[in-house]
Protein chains: 2
Amino acid sequence: MTKTVFTDTSKFLDHISLDCVIFGFHENELKVLVLHYKTTKEYALPGGFLLADESLEDAAKRVLKERTGLDNIFLKQFKVFSTPGRSKSNPAIKDVKDLGIQINHAFFDQRFISVGFYALVEFTKVHPKPDELSDSCDWVNVTDNIELMMDHNLIVNEALDSMRSQLNHQPIGYNLLPDKFTMPELQKLYETILGKELDRRNFQRKILSYKILNKLDERRKGGAYKSPYLYEFNLANYQKALNNGLSGGW
Amino acid sequence: MTKTVFTDTSKFLDHISLDCVIFGFHENELKVLVLHYKTTKEYALPGGFLLADESLEDAAKRVLKERTGLDNIFLKQFKVFSTPGRSKSNPAIKDVKDLGIQINHAFFDQRFISVGFYALVEFTKVHPKPDELSDSCDWVNVTDNIELMMDHNLIVNEALDSMRSQLNHQPIGYNLLPDKFTMPELQKLYETILGKELDRRNFQRKILSYKILNKLDERRKGGAYKSPYLYEFNLANYQKALNNGLSGGW
DNA sequence: GCAAAAGTGTTAGTCCTACACCCATGG
DNA sequence: CCATGGGTGTAGGACTAACACTTTTGC
């Protein structure tokens with residue numbers, strides 16, 4: 001995959017952009033990957049533009065690959081943001097002469113609608129890379145509510161809502177957790193996404209009743225206190241169960 | 001609201017279109033509004049383009065108003081369709097000289113991504129009007145699976161899936177039924193959307209348990225057999241209940 | 001051996017399912 | 001008066017929610 005840079009905008013379609021809310025889960029915290037702009041010092045979601053002969057999904061995959069280094073990421077379109085004034089304050093259109101970057105102002109200065117995607121990645125596999133307009137690309141806790149540029153805070157919130165409502169229909173646990181994980185870890189993930197606490201014993205009974213997990217003989221060693229068992233997803237059963245939607249609410 | 005016509009495309013943004021899946025419910029059938037093109041004789045969803053200073057939601061409202069005559073329609077964005085080749089076969093780009101319509105080929109000939117909306121309308125309030133490229137605008141039964149142009153069959157199916165999954169979170173019954181309706185009518189609507197039959201007595205108990213309906217003293221007269229009671233939605237309770245999502249599955 | 005986390009079990013109440021019976025209406 | 005659809009009720013089983021006790025581990 002060739003790297004796409006903002007300095008050659010000639011192959012991009014006008015008016016259409018996309019933004020990715022990349023979720024990761026680490027140390028019992030739900031995190032989002034954000035860029036920090038060199039010039040304006042604002043935080044922003046990784047995003048990009050649509051190439052002339054590319055689907056939005058492919059464009060999002062391209063952005064994901066460039067920021068995380070990963071292929072085969074779980075990706076879901078969730079909403080288009082099209083308020084007419086939303087792109088007026090795009091920091092990218094500001095002058096970046098001091099960086100030696102030549103920006104195509106005519107391109108950046110147009111009105112953009114942005115298609116929002118959310119992505120689920122395994123935290124430990126990601127090695128974030130900033131783009132050419134940014135000096136950093138880092139995880140921030142969703143709960144910290146960092147101020148983002150333009151309407152990006154809105155985009156994150158809508159992504160969260162969307163993910164929450166699809167918890168029983170999309171393989172969210174599978175994509176956010178490592179291959180092997182403990183029951184308390186899975187529960188924390190659910191609690192974080194749902195924004196509420198769940199009963200430890202009822203959670204375990206319910207999730208096991210779906211038959212989507214394989215209990216392993218190993219336990220998580222090294223931690224303090226009693227070592228919990230490790231589990232892995234039974235992918236075949238998981239997929240089958242998701243087709244009907246996991247039953248019941250949380 | 002001024003009528004927007006396809007013969008003046010100068011105010012439209014390039015590359016962006018929208019299509020509306022307009023659902024109605026009549027005589028126990030779920031219906032969709034489709035246009036029939038004068039030149040190509042193909043069926044198509046009502047759609048349009050985005051004006052330079054307009055949100056997608058406003059554009060969709062504009063299209064809805066023009067085709068149905070209605071304001072204040074329930075409208076929901078559900079997906080963007082962006083396969084690169086999808087707009088190649090757009091019949092609108094064909095020559096329509098014989099109709100005396102001057103088409104801006106350069107505009108129609110570009111690649112379009114299309115934002116899909118579904119709309120819910122009260123069947124009896126709609127007076128469908130064709131646009132200037134069509135000779136008819138009529139309801140077709142969803143179950144008839146009429147062949148539509150381009151990827152419009154896909155768009156209808158995705159709209160259905162989306163509406164089905166949101167049945168407990170959006171005021172779908174309220175928007176598709178007239179102000180007063182009977183329990184069997186409401187049940188038929190649910191059965192049609194879900195694609196399966198429900199037990200009459202359990203359905204009634206469950207829907208009443210939500211406290212979202214007011215039972216009226218009137219009954220539906222004129223029909224054969226025992227006359228059913230009329231109900232209306234208790235909008236305040238309905239909205240409140242939807243915020244948490246109606247509990248349980250169907 | 002103590003504190004904290006994890007494994008396992010029980011019970012009461014609620015909800016869902018699958019039915020049966022009676023009533024009203026038009027032919 | 002009968003066929004059909006609509007109004008109402010009930011019993012059994014499944015699932016959920018709330019809660020207690022025991023076990024393991026590091027210090």
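A polar contact here is a pair of N or O atoms within 3.5 Å; within protein, one must be able to donate a hydrogen and the other to accept it, and residues adjacent in sequence count only if both atoms are side-chain atoms. Keep that in mind for the second stop.

Before you click: this is a predicted model, where local features need pLDDT of at least 70, side-chain atom pairs count only at pLDDT 80 or more, and totals for chains, interfaces and linings use all residues. Residues are numbered from 1 along each chain as its sequence is written, chains are lettered from A and ligands numbered from 1 in the order in which they are written, and side-chain values use heavy atoms, with hydrogens and water left out.

**Stop 1: the two domains**

Colour 4-165 of chain A as domain 1 and 179-244 as domain 2; such bounds come from an automatic or database domain assignment. Their C-alpha centres sit 31 Å apart. The contact (heavy atoms within 4.5 Å) takes 6 residues from domain 1 of chain A and 7 from domain 2 of chain A.

**Stop 2: the seam between them**

Show Phe25(A), Asn28(A) and Arg164(A): in domain 1 these lose the most area to domain 2, together 64% of what that side buries. The area buried between the two domains of chain A is about 650 Å², with carbon and sulfur atoms giving 67%; buried area is the accessible area (1.4 Å probe) that two parts lose on being put together, summed over both. Across this interface there is 1 residue pair in polar contact, both at pLDDT 80 or more. Salt bridges (a side-chain nitrogen of Lys or Arg within 4 Å of a carboxyl oxygen of Asp or Glu) number 0 here.

**Stop 3: a sheet of chain A**

Now select 181-182, 213-219 and 229-233. Strands are DSSP runs (E, at least two residues), numbered from the N terminus, and two of them pair if DSSP finds at least two bridges between them. You're looking at an open, antiparallel sheet of 3 strands in the order E8-E10-E9. E8(A) and E9(A) stand at the edges with a single partner strand each, so one side of each has no neighbour in the sheet.

Zoom in on Tyr231(A) in E10(A): Phe181(A) is bridged to it, and Lys215(A) stands opposite it. E10(A) is joined to E8(A) by 2 bridges and to E9(A) by 4.

**Stop 4: the axis**

Bring up both chains. A turn of 180° with a shift of 0.0 Å along the axis lays chain A on chain B with an RMSD of 0.0 Å, superposed by least squares on C-alpha atoms of residues with pLDDT of at least 70 in both. That's the relation of a two-fold axis. Finish on Gly248(A), whose C-alpha comes closest to the rotation axis among the residues of chain A, at 3.1 Å.
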